[in-house]
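Q: Please give me a close look at one part of this model, and then follow the chain outward from there to the parts around it. I would like the cut-off behind each term as you use it.

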Amino acid sequence: MQAKQFIDQLAAQQLLSPEIIDELRRQVAESKSRLTPELISRLLVDNGHLTKFQATKLIADMQNEAAPKAPLKPVQSANSSDLDLLEENTAASDEAAVFIDDD
């Protein structure tokens, strides 16, 4: 299934001619072995249809899309000691900015 999704991504980004996309779809459908996006991208690079950068980016994008997203954690309310620390850090950065501006 990933091979078909990879070809769909190639088609959507219009990186290959429609004829090459059709041929890839045909070969994936007729293949008796499992074809991976990595294998297809390597073949496309070897045959000069994609650059190595394009292939790497496409694979990375697919992996990022497939990665499960971590659930967001609720924000905890700040207590007064956190706010004091924030004010101290802000004051220190203001002093640094004044020092830098004097040069």
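A: Glutamine 14 lies in the loop between H1 and H2, where helices (H or I, at least four residues) are DSSP runs numbered from the N terminus. The model is a predicted one, in which local features need pLDDT of at least 70 and side-chain atom pairs count only at pLDDT 80 or more, while totals for chains, interfaces and linings use all residues. Residues are numbered from 1 along each chain as its sequence is written, and side-chain values use heavy atoms, with hydrogens and water left out.

Just after H1, glutamine 14 takes a positive phi of about 55 degrees, and it does so as a residue other than glycine. At 68% relative accessibility it counts as exposed, the term for over 50% relative accessible area, with buried meaning under 20% and partly exposed in between (1.4 Å probe, protein chains only).

Helix H1 itself spans residues 2-12, and its buried residues are Ala3, Phe6, Ile7, Gln9 and Leu10. They cover an arc of only 155 degrees around the axis, which puts them on the same side of H1; the arc is that of the directions from the helix axis to the C-beta atoms. An α-helix has 3.6 residues a turn, so residues three or four places apart point the same way.

Within this group, glutamine 9 is buried, with a relative accessible area of 11%. Leaving aside its neighbours within four places in sequence, glutamine 9 is in contact (heavy atoms within 4.5 Å) with Leu58, Asp61 and Met62.

Phe6 and Leu10 also belong to the largest nonpolar core, a set of 15 residues in which these two, together with Leu16, Leu24, Ile40, Leu44 and Leu50, touch the most other members. Such a core is a set of buried Ala, Val, Leu, Ile, Met, Phe, Trp, Tyr and Cys residues joined through side-chain atoms within 4.5 Å. The elements that give two or more residues to this core are H1, H2, H3 and helix H4 (52-66).

Leucine 50, one of the core residues just named, brings the account back towards the loop. With neighbours within four places in sequence again left aside, leucine 50 is in contact with Leu10, Leu15, Leu16, Leu44, Val45, Ala55 and Leu58. Leu58 is thus a contact of leucine 50 and also of glutamine 9.
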